[in-house]
Amino acid sequence: MSRNRIPMFRDEDELETSAALQNGERFDLDTISDSQSLHNRHSSAGAGANGAGGSGSAESLGGNSQDSDDKLKLDGMHQHVFSHELDDELHNSGSNDYKEFLENNDRIRIKPVNDEDDTSVIINFNQGISPFIVILTFVASISGFLFGYDTGYISSALISIGNDLDNRPLTYGDKEFITAATSLGALISSIFAGTAADVFGRKPCLMFSNLMFVVGAIVQITAHKFWQMTAGRLVMGFGVGIGSLIAPLYIGEIAPRKIRGRLTVINSLWLTGGQLIAYGCGAGLTKVNNGWRILVGLSLIPTVVQFTCFLFLPDTPRYYVMKGDYDMANKVLHRSYTGTADDVINLKIEELKELNTSIPGKNRMHVIWNTIKILHTEPSHFRALIIACGLQGIQQFTGWNSLLYFSGTIFETVGFSNSSAVSIIVSGTNFIFTLVTFFCIDKIGRRKILLIGLPGMTAALVVCSIAFHFIGIKFDGNDAYVEHSGFSGWGIVIIVFIIVFAAFYALGIGTVPWQQSELFPQNVRGIGTSYATATNWTGSLVIASSFLTMLQNITPTGTFAFFAGLSAISTVFIYLCYPELSGLELEEVQYILKDGFNIKASEELAKKRKQQADNVDQKLHTLKFEPTQEIIEE
Ligand SMILES: O[C@H]1[C@H](O)[C@@H](O)[C@H](O)[C@@H](O)[C@H]1O
């Protein structure tokens, strides 16, 4: 694979550079270093100044012009070409710098890099994050918060429910049922959410999820029966499943590509923050009569806020283009990329149109069916599917959520009376390390953080497994008790290593799977991410509904050893199948996955892209390069 060439890029000996320009996006900077072409480029600089900069620049490539033309056509999109502006800029910045820069880099042709949903080719410059994008991201990621809060509060609620349902204490089986109902609801809705988002729109689906949250919460708050509580959790689960899939999709579609990856992690930050707040509120309300009802009731606030905000906010431009509502697409793009010229926006819309017609079909059902077929038959898509579903499966089957959902119960069992307070530390660790991931996901790389996180999780689980052996938990029917009362040294070991587990989990597998959209090209993304999200919820469901039974049947030691084994196997899976994707373009991801998982090639490419970005960052900084005008060539 390392001998394969990545389309869109030149041979090794040509300097290629991806860079984040100080005022804009990532670019691919193609440079030519032969001296004849240098001369030609100099003499053609004027042509670019007359508004024919695109072709002027291409011609100026002299002996390489054919190559250049080919490259200009490669992505079939439009190119930004900066020629004379750069020359002038560099001239003005001091002749030595200019000379040196040209000697080293020659003419620079700035070519937009296709982003993960392949839609942001046109709008590149001066697109700082507009307040509008901040608002949209903020409102959409309330779904992340609700996902976190609603899955998080159950741990404390299960403890404080006491005899409030059916006038009897909940059995382990009841607790599993109540917890698993949300995962089941989320699983069901996530299967349809990807398609529903294309049919009805992202925003209406998120608003529908708000209704589910409200109905689910009210059913729970008023519950005096076990079955009613379970039904409420199920309905709430419908909302969680829709939100978990669509919020990152919505954010991805409105975000400028330079920050798209990070904005997705922001959704995860809200998620883990929601869980943390749920534990915080839970701890405060454990001793309050009917405190769990207040806990559920609090979830209504963000739901109502999100619903109300969406009444005044639009859907994504991509969705409007899909529906043929180009006026709305135009408006949203204008508001998102303030100050961008009309023709640039129009080109963007043209591009979105092009991308939306790529999968044929007589009607919508036929298109969906064809999409499913392509997803399974196109090797690169299928590998993407294996990775996306594999990551989501690993995230769940390594047991984190069972610890989260039942941490209160576990900590009670090992002797902590204020178990909710201990749970805050566990979910706080999850939140803090998600923040760490936010900062290092691009720098260290996804594959590396996974390969640090999973072995760390394995080790922590092994220690917990051993500690549980010494603590000696016995089960009597549905009750668990420790042989020696009060909390012991081994109890502390368990708590410490569950925290260590949380840290390693959040560092990698807790966050990376939600970057799933980058694995799929746009035309199979909805269904591909539906598969992956459904895998996530299946795992969550299986683990939530079997964890306490596992504790009883194979003992806590066996349960933790089982999770440790799965983490170890998962490490091997990641090692063999997950290429490094940070800094890579969509085409590159697809190309990497074309004839295998190509780990080595992906690592080399990712490293190269990083070096290039660093180089150019440095140069641009020194030269204070700021493009002043953009020329678009078709
Ligand atoms: O990424 C999230 C996060 O790690 C949460 O803590 C967990 O509860 C979810 O299941 C997972 O999808």
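Which side chain does the side chain of Ser540 join in a polar contact of 2.8 Å? The partner is the side chain of Ser183, and the legends below show this pair among other close-ups. The model is predicted: local features need pLDDT of at least 70, side-chain atom pairs count only at pLDDT 80 or more, and totals for chains, interfaces and linings use all residues. Residues are numbered from 1 along each chain as its sequence is written, and side-chain values use heavy atoms, with hydrogens and water left out.

**View A. Ser540 and its polar contact with Ser183.**
Ser540 sits in helix α22; helices here are DSSP runs of H or I with at least four residues, strands are runs of E with at least two, and both are numbered from the N terminus. With a relative accessibility of 1%, Ser540 counts as buried (buried is under 20% relative accessible area, exposed is over 50%, partly exposed is in between, using a 1.4 Å probe and protein chains only). A polar contact is a pair of N or O atoms within 3.5 Å; within protein, one must be able to donate a hydrogen and the other to accept it, and residues adjacent in sequence count only if both atoms are side-chain atoms. If you look for Leu576 as well, its C-alpha is 24 Å from that of Ser540, with the two positions 36 residues apart in sequence.

**View B. Trp537 and its contact with Ser244.**
Trp537 belongs to helix α22, which covers residues 522-577. Its relative accessible area is 1%, so Trp537 is buried. The side chains of Trp537 and Ser244 make a polar contact at 3.1 Å.

**View C. The ligand and its polar neighbours.**
Start with Gln275, which has a polar side-chain atom 2.7 Å from an oxygen atom of the ligand. Gln395 likewise places a polar side-chain atom 2.7 Å from a ligand oxygen. For Asn430, a side-chain N or O atom is 2.9 Å from an oxygen atom of the ligand. Taken alone the ligand exposes 300 Å², and the protein buries 98% of that (accessible areas come from the Shrake-Rupley method with a 1.4 Å probe; for residues, only the protein chains shown count as cover).

**View D. The shell around the ligand.**
Two or more residues of the shell come from each of α10 (260-285), α17 (379-397) and α18 (400-413). Helix α18 gives the most, with three residues. Sorted by type, the shell has six nonpolar residues, seven polar and no charged; Ala, Val, Leu, Ile, Met, Phe, Trp, Tyr, Cys and Pro count as nonpolar, Asp, Glu, Lys and Arg as charged, and the others, Gly among them, as polar.

**View E. Thr151, with contacts to Phe147 and Gln275.**
Thr151 lies in helix α6, residues 142-160, and is buried at a relative accessible area of 2%. A polar atom of the Thr151 side chain is 2.7 Å from the backbone oxygen of Phe147. The Thr151 side chain also has a polar contact of 3.4 Å with the side chain of Gln275.

**View F. Two loop residues with positive phi, Asp166 and Asn598.**
Asp166, in the loop between α6 and α7 (172-200), has a phi near 55°. This residue is partly exposed, at 29% relative accessible area. Asn598 has a phi of about 45° and is found in the loop between α23 (586-592) and α24 (599-623). With a relative accessible area of 15%, Asn598 is buried.
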